[in-house]
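Here are some notes to read with the model open beside you. Take them one at a time, and find each residue on screen before moving on.

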Amino acid sequence: MIRPAKIMLLGDIAVGKTSLAKRLVFDRFDTDYKTTIGVNVLSHETLVGDEKMRLVIWDTDGDFSHAIFKTTYIVGASGAIVVADASRPATIEKMAALMEAFEERFPGRPVSAVLNKCDLGAADPAALERPPLRFRELVRASALTGEGVAAIFGDMAKSILRRGL
Ligand SMILES: Nc1nc2c(ncn2[C@@H]2O[C@H](COP(=O)(O)OP(=O)(O)OP(=O)(O)O)[C@@H](O)[C@H]2O)c(=O)[nH]1
Ligand SMILES: [Mg+2]
């Protein structure tokens, strides 16, 4: 049996949500920016121990912002990967706010915070001090180099399986 798990990819406009999903699923990177219109769904099979999982990745348009929680796209989400652009502090604020909103809507479901575009340099430390980020693990990633990408989705799959979601 393959266990399906719906994972939301959330975050501000152009932080690299689509690029992270494409790096995972196709091991490809595009420098061209083609904004996502609405939602794009990608499927990726992975093994957690000897358990087969199908990650159904809902790559959302950053334009939704908090309005995503008023749509049906969010229904049945097992977890969320919330992405920021390490080179734009405002997107880190947005990530924190979206994480809080997801946790309020789905208490007990895993949420991970990802600082993408780490190939461009380190994030502004002040932006990372804002609660709730101060108390959390932030995963550094780059869809360009591939750094962190497999681990982000793999850890999310493990958390979902462990919690029986
Ligand atoms: N240097 C660098 N550029 C990246 C990285 N990830 C994405 N980009 C670039 O950032 C731009 C936006 O990437 P997308 O993946 O389309 O961003 P998105 O979050 O899906 O954007 P929306 O769909 O509009 O919300 C593109 O030009 C990508 O090539 C990265 O890790 N490093
Ligand atoms: Mg996109």
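1. Start with the pocket. This is a predicted model, and its largest pocket is where ligand 1 sits. How much of the accessible area of ligand 1 does the protein cover? You can look for the answer after meeting some of the residues around this ligand.

2. Around ligand 1 there are 24 residues, and those that come nearest are K17, S19, D30, Y33 and T35. Which element gives the most to this shell? Helix α1 does, with three residues.

3. Next, turn to the backbone around ligand 1. A polar backbone atom of D30 is 2.7 Å from an oxygen atom of the ligand. For T31, a polar backbone atom lies 2.9 Å from an oxygen atom of ligand 1. L144 also has a polar backbone atom to look at, 3.3 Å from an oxygen atom of the ligand. Now for the answer promised above: on its own, ligand 1 has 650 Å² of accessible area, and the protein covers 92% of it.

4. Ligand 2 is a magnesium ion, and its protein donors are the OG1 atoms of T18 and T36, at 2.0 to 2.1 Å. T18 belongs to helix α1 (residues 17–26), while T36 is in the loop between α1 and β2 (39–48), so the two donors tie together parts that are 18 residues apart in sequence. Is T36 buried or exposed? Its relative accessible area is 13%, and because buried means under 20%, T36 is buried.

5. Two residues deserve a look for their backbone angles. Most residues other than glycine have a negative phi. A14 is not a glycine, yet its phi is positive, at about 65 degrees. You will find A14 in the loop between β1 (3–11) and α1, and with 25% relative accessibility it counts as partly exposed.

6. The other residue to check is K117, which is not a glycine either and has a positive phi of about 65 degrees. Where does K117 lie? Look in the loop between β5 (111–116) and β6 (138–140). K117 is partly exposed, and its relative accessible area is 22%.

7. While you are in the loop between β5 and β6, find R134 as well. This residue counts as partly exposed, at 45% relative accessibility. Try drawing a line from R134 to A67: these residues are 67 apart along the chain, and 25 Å separates their C-alpha atoms.

8. A86 makes a good exercise in comparing chain distance with distance in space. It is in the loop between β4 (79–85) and α2 (89–105), and it is buried, with a relative accessible area of 3%. How far is the C-alpha atom of A86 from that of L115? The separation is 5.3 Å, although the two residues are 29 apart along the chain.

9. Try the exercise again with D63, found in the loop between β3 (51–60) and β4. Exposed means over 50%, so D63, at 56% relative accessibility, counts as exposed. D63 and I37 are 26 residues apart along the chain, and their C-alpha atoms are 8.8 Å apart.

10. Finish in helix α3 (residues 149–162), where D155 is found. D155 counts as partly exposed, with 42% relative accessibility. From its C-alpha atom to that of G76 is 19 Å, and the two residues are 79 apart along the chain. If you have time, go back to the pocket that holds ligand 1 and find helix α1 there, the element that gives the most to the shell around the ligand.

Notes. Residues are numbered from 1 along each chain as its sequence is written. Chains are lettered from A and ligands numbered from 1 in the order in which they are written. This is a predicted model: local features need pLDDT of at least 70, side-chain atom pairs count only at pLDDT 80 or more; totals for chains, interfaces and linings use all residues. Side-chain values use heavy atoms; hydrogens and water are left out. Donors are N, O and S atoms within 2.8 Å of the metal (3.2 Å for Na, K and Ca); water is not among the atoms, so sites may look incomplete. Helices (H or I, at least four residues) and strands (E, at least two) are DSSP runs, numbered from the N terminus. Buried means under 20% relative accessible area, exposed over 50%, partly exposed in between (1.4 Å probe, protein chains only). A residue is near a molecule or strand if one of its heavy atoms lies within 4 Å of it. A polar contact is a pair of N or O atoms within 3.5 Å; within protein, one must be able to donate a hydrogen and the other to accept it, and residues adjacent in sequence count only if both atoms are side-chain atoms. Accessible areas come from the Shrake-Rupley method with a 1.4 Å probe; for residues, only the protein chains shown count as cover. On a 1 Å grid over the protein atoms alone, a cavity is a set of points where a 1.4 Å probe fits but cannot get out, and a pocket is an open set with protein on both sides within 12 Å along at least five of seven lines; lining residues have an atom within 4 Å of a point. A molecule sits in a cavity or pocket if more than half of its atoms lie within 2 Å of its grid points.
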